[in-house]
Amino acid sequence: MTSSLRRLAAGLLAVFVIIALSLSYWTLVQGVDLVTRDDNPRQVLAEQQIQRGQILDRNGVVLAETVIDPEDGSSQRVYYYPSAAPVVGYYSLRYGVGGIESAYDDQLRGGGQVTYSEAVLQDLLHRQQVGSDVQISLDIEVQQAVNEALEGYTGAVIVIHVPDGQILALASQPTFDPAALDENWETLSTDPDAALLNRATQGLYQPGESLQSVVLGAALNNGIASPDEQWRGTVITTVDGSFFPCAANVSYVDTLGDAYVEGCPEPFRQIAAKLGTHRLETAIVDFGLTEPPIFALPTESADLDAFAIEKELTLTGIGQSSLTVSPLQMAMVAAAFADHGQMPPLQLVLATRKPGAVWQLVPADGLPRGTLSRASADTIEGLMLRSVNEGASQRASIPRFTVAGHTGLAMAGPEGELNAWFIGYSAYSPDASVAVAVLLEDTPTASEAARVGGRALAAALNAIP
C-alpha cells in the first residue's frame, strides 16, 4: 500500500514537473513569439481596438482614418481617395502596411507615445489606444488631376514644389484601391503589371534622352561644348542593332543646342566622349543618380561605379547604359534646374499630431545640394524654353504660364520598345516654381509625356493660392 502511494506521488510529481517546465518554456522562451504571432486571436483583437491616426493632405483634407464600430468597438480603416494609394499606402491585419501607413506606423497606431504606467492604466480601464495624425505635403486635388492625366498609361508622375522640395503629387499607374486590398491581394500580388510597385520611387528605367540635361550641363560646366557649336553629323543612332530616334520627328540639326531642343541622341555620344569618365561620373553623382533619394517612402537606385561608366561611356551619354533612374530622381533633376542648379531636399511629411496636442513640424529629408553652376543651369533653361516653344516639348505648353521642359525617348527592351520621358518646370513667382517628371512605359510618342507633364504643371500651378 505504502509503495503504491509512493509510486503515485512520484508519478504526480513528475507530471507537475513536466507541466511546470512546459509552462516555463511557453511563457519565458516562446511567450513573445506566441503573443506577436499574426494568427494570435488576442493580438488581432487588440489590433482591431486601436484607433489609428488620420492621414491628411496639406490642406487638411482627410485621406485615411479609422472608423470605430459603436457596437463592438472594432475598427475599420477607411480610404477616401484611391488615387493617393501610391503615397498613403495601405493597412491590413493580414498583409501588413505600405506607404505612409508603413513609414509612420508607430505614430499612427500610438506606439511609444504613452508611458508604461499610462499604458497599464489604459489597459485596466479598457481605454482605446489612439494614434497620432500625420499631415503630408500632397495636394489631393492636384493628385487626382495628375492621376487622370496618367490614365491609360503605365508609368509615373511626380510634382515637386521648389525650392522647399515638397511633393504636391506622386502618381503611379497601374495602382490599387487600399480599401479593397484584402479581397484583391492574391490578384495584386501576382499581377504582371505590378500594381503594388510604386513606379515613381522604386521603378528603375533607362533615362535615354532625358539624361541630356545632365550631360550637356556637365559639358557647359567644364567648358568643352557650347549650344551654338555646329553639328553636321547624323542625329539618330542605334543601340544593340535597334533604331534609336530623336524625340521630335527630325532628321538633322544645325547645332548642339538644336539637338537638345529636339531630343536627338547621337550628338550626346560625342559630348560624353569629350567629357570622359571622370567628369561624366561627377555630373551623374552630383545630380544624385547613383544613390537612393532620402525620402519618407522606400526608394531605389542603380548601383553604378566609374568602371561601369568607363566601359559604357558613350552609351551612358545617350542614357542607354547600365545607369537606370527612377522618376523621382528625374523629378529632382528638374527641380535642380528650376532652382538654377540647386537641388532641394525632398519633403513628404509636413507634421504629426498626438491626440489632444498641437501639430509638430517634421523637417525635410536631407539637405540641398549643388549640381551645376548657375550660369550652366540657366543656359539649359534657355534651351528648355526653346524646346517647349518650338521643339519636341511643345505639348507641355499651358495657358498663362511659361514652361521650360525637355522631352526624350529611351529604349526599354531588346525589341526596340520605347519609353517616353518629360522633365520640366514653371515659375509662378521670382522665388518659387513647380517641377515635374513624367515616365510613360511602352510609349514611342515622346510628345505624350510632354502633354501629361503640361497637365500636371497646370493642375499644380492653378492650385497654388
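In which sense do strand β1 and strand β6 pair, and over how many bridges? This is a predicted model, and the views below start with that pair.

**View 1. Strands β1 and β6 side by side.** β1 (residues 55-56) and β6 (residues 133-136) run in the parallel sense, joined over 2 bridges. Look for I55, which sits opposite V134 in β6.

**View 2. The open sheet around that pair.** Six strands line up here as β3-β2-β1-β6-β12-β13, and the pairing is mixed. At the edges you'll find β3 (75-79) and β13 (360-361), each with pairing on one side only. Strands of a sheet pair through backbone hydrogen bonds, in either the parallel or the antiparallel sense.

**View 3. Helix α17 and its two sides.** The 17 residues of α17 (residues 374-390) should span 24 Å at 1.5 Å a residue, and the end C-alpha atoms are indeed 24 Å apart. Tucked away as buried residues are S376, A377, I380, L383, M384, S387 and V388. They take up an arc of only 140° around the axis, so they share the same side of α17. Flip to the other side and R374, A375 and N389 are exposed.

**View 4. What covers α17.** The cover over the buried residues of α17 includes three helices, α11 (212-221), α12 (256-262) and α16 (327-338), plus strands β15 (404-411) and β16 (418-429).

**View 5. Helix α18, largely enclosed.** With 18 residues (446-463), α18 reaches 27 Å from its first C-alpha to its last, close to the expected 26 Å. Of those 18 residues, 15 are buried, so the rest of the structure largely encloses α18.

Notes. Residues are numbered from 1 along each chain as its sequence is written. This is a predicted model: local features need pLDDT of at least 70, side-chain atom pairs count only at pLDDT 80 or more; totals for chains, interfaces and linings use all residues. Side-chain values use heavy atoms; hydrogens and water are left out. Helices (H or I, at least four residues) and strands (E, at least two) are DSSP runs, numbered from the N terminus. The expected span of a helix is 1.5 Å times one less than its number of residues. Buried means under 20% relative accessible area, exposed over 50%, partly exposed in between (1.4 Å probe, protein chains only). The arc is that of the directions from the helix axis to the C-beta atoms. Contact means heavy atoms within 4.5 Å. Two strands pair if DSSP finds at least two bridges between them.
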